[in-house]
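Okay, thanks for making room for me today. I'd like to walk you through one model, and I'll begin with a small backbone detail before getting to the overall picture.

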Amino acid sequence: MDGLKQKPVEIKVFVSEDANEVILSPLIFDIASIEAIRKIGITGTLSGTLPLATQQNLFLSVPLKLMVEEAIWLYINGCAKFSVMNGPISSRFSELLDSQSEQLEQESKLRLQKSFELQKKYKQEQHILKMKKLGIESRIDKGASESNALIESSLFVRTSDTSDLMNHFSNQQISGKIINYLVANYSSWDNYLLFQSLREQNYIMSPGARFGGKYIAYPGDPLNYHSHMTVRNALDYYNEPIDMLELACGARLGTTVKKLWVIGGVKHGNREKSDRTVQNLLLNKEDDVSFFSVEWAGFG
Amino acid sequence: MSVDRDSIEWLVQTNLLHFQKWKNVEVQDRSLSWKDRKIKLLKGSPPQSSSEDNLDENGTIEEYILPVSLSQYNEQYLTLECLDEVYKQLCDPFTERLLLAIVNDDGTIVFYYIYKGIHGPGKV
């Protein structure tokens, strides 16, 4: 986590230009960042695919889609910064490609040339070393054309994970503002506080729709463990009654898949709803979360 | 102790004793006033020990039972705050779980365990 604090990962958020509304959930495009945040218990969901070859979710690639709560948790713990991409992205992409196509082509040609040169040089050196080891005097000048042709046919073209063009669209913005947009569009502060409390107890959350909840909570990395709990959307601690039919549904389904159905709410005390913003959250972590876990008794 | 035969406490007690074969099911004296209602718990022992959570020194299990009528939930009755108060005022301090008995108007009663806090699935 300390390493991440020194070099926060970049979370990209797509925002519509005029309304300043978030139009897509937060995304991470960089594989090293994805690896780094997984080590601190933020797994996200890989979502990248090709339109003509849609893949099962085991074969999906970057970008990594984060739950809003994951993005906020990373930001609040100093492990991430937000950068805004203004929509509409696809038309902007084609504009850029039209206007700068020559320059872009030149750039990529040069890059490929450079990569080939480096590879060739490396392979020739390796060849000479190998021959020396075998005690054969290298006659690279004699059979040069022959071995060059061999080397030529074994060069790699590297496909990069991240598009450089992305950098044309991002710009940094005040992160607090973005978080408020995200929460307004996708979640609530109470849900975030539940997430935070569970994360502090070392649970790893993923989206819970599969089992009819807000989150599914795993006791460790989802690749190593089955999940233990289905967590419901936050209830209003003081005023929202627990729906008994929903409880029966949630707990009965949960018990058949070896999970407990968890309900939780935040004791805000006398604090106004408008006070619950990032800034206050950073200043003051007093809000206390109360959880109950429900399972079917096995009879009746 | 005589019990009002219209009360859901009595329904749950009868169901547990005669249908689920529980033992020593009694309505507790302590009560909690909540939104014009009085909440009372029951206490009793299940027929066989399904877990070793609440074993006392005699090797028996005692569970607290919270009866709730299915029609009450939409009257701002059982909130998280209310559950916290039930644990605080009606249970022993070390009580880990309650048995929630949901009573429907057709005589159906369904039972769910409610654990305080985060609780993972036990060994199966």
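So, start at B:Asn24, which sits in strand 1 of chain B, residues 23-34. Keep in mind that this is a predicted model. What caught my eye is the phi of B:Asn24: positive, about 50 degrees, and the residue is not a glycine. For context, most residues other than glycine have a negative phi. Is B:Asn24 buried or exposed? With 11 other C-beta atoms within 10 Å, and 12 or fewer being the cut-off, B:Asn24 counts as exposed.

Chain A has a similar case. A:Asn202 is not a glycine either, and its phi is positive at about 70 degrees. You'll find A:Asn202 in the loop between helix 7 and strand 7 (204-207) of chain A. A:Asn202 also counts as exposed, because it has 11 C-beta neighbours inside 10 Å.

One more backbone item, and then I'll zoom out. The peptide bond joining A:Val62 and A:Pro63 is cis, with omega about 5 degrees. In general, most peptide bonds are trans. A:Pro63 belongs to strand 4 of chain A, residues 61-65.

Now the chains as wholes. Chain A has 300 residues, 28% of them buried, and its secondary structure comes to 9 helices and 12 strands. Of the chain A contacts between residues at least 6 apart in sequence, 66% join residues at least 24 apart. Chain B has 124 residues, and buried ones make up 31%. There are 2 helices and 5 strands in chain B, and along the sequence they run α-β-β-β-α-β-β. For chain B, residues 24 or more positions apart account for 48% of the contacts with a separation of 6 or more.

The element I'd like you to rotate into view is helix 4 of chain A, residues 89-134. How far does helix 4 span between its end C-alpha atoms? It spans only 57 Å, while a straight helix of 46 residues would span 68 Å. Helix 4 also has a kink of about 80 degrees, centred on A:Gln100. As for cover, helix 4 has hardly any: the count of buried residues is 0 among its 46. Right after helix 4 comes A:Gly135, with a positive phi near 80 degrees.

Next, a helix pair. Helix 3 (residues 68-76) and helix 7 (residues 189-200) of chain A pack at about 65 degrees, with axes 10 Å apart. The crossing of helix 3 and helix 7 is right-handed. On the helix 3 side you have A:Glu69, A:Ile72 and A:Trp73, and they meet helix 7 residues including A:Tyr192, A:Phe195 and A:Arg199. The contact between these two helices splits into 4 nonpolar, 2 polar and 2 charged residues.

A quick stop at A:Lys177, in helix 6 (residues 175-186) of chain A. A:Lys177 is partly exposed, since 14 other C-beta atoms lie within 10 Å. From A:Lys177 to A:Ala234 is 57 residues in sequence and 23 Å in space, C-alpha to C-alpha.

Last, where the chains meet. The contact takes 33 residues from chain A and 30 from chain B. On the chain B side, helix 2 (80-90), strand 4 (97-103) and strand 5 (109-116) each supply at least two residues. Which of chain B's elements gives the most? That's strand 5, with 8 residues. The chain B side divides into 19 nonpolar, 8 polar and 3 charged residues.

That's my tour. Over to you.

How values were computed:
Residues are numbered from 1 along each chain as its sequence is written. Chains are lettered from A and ligands numbered from 1 in the order in which they are written. This is a predicted model: local features need pLDDT of at least 70, side-chain atom pairs count only at pLDDT 80 or more; totals for chains, interfaces and linings use all residues. Helices (H or I, at least four residues) and strands (E, at least two) are DSSP runs, numbered from the N terminus. A residue is buried if 20 or more other C-beta atoms lie within 10 Å of its own, exposed if 12 or fewer, and partly exposed in between; C-beta atoms are placed from the backbone. Two residues are in contact if their C-beta atoms, placed from the backbone, lie within 7 Å. The expected span of a helix is 1.5 Å times one less than its number of residues. The bend at a residue is the angle between axes fitted to the seven residues ending there and the seven starting there. Axes are lines fitted to C-alpha atoms, for helices over the stretch in contact, and angles run from 0 to 180 degrees between N-to-C directions. A crossing is left-handed if the near helix is turned anticlockwise from the far one by less than a right angle, and right-handed if clockwise. Ala, Val, Leu, Ile, Met, Phe, Trp, Tyr, Cys and Pro count as nonpolar, Asp, Glu, Lys and Arg as charged, and the others, Gly among them, as polar.
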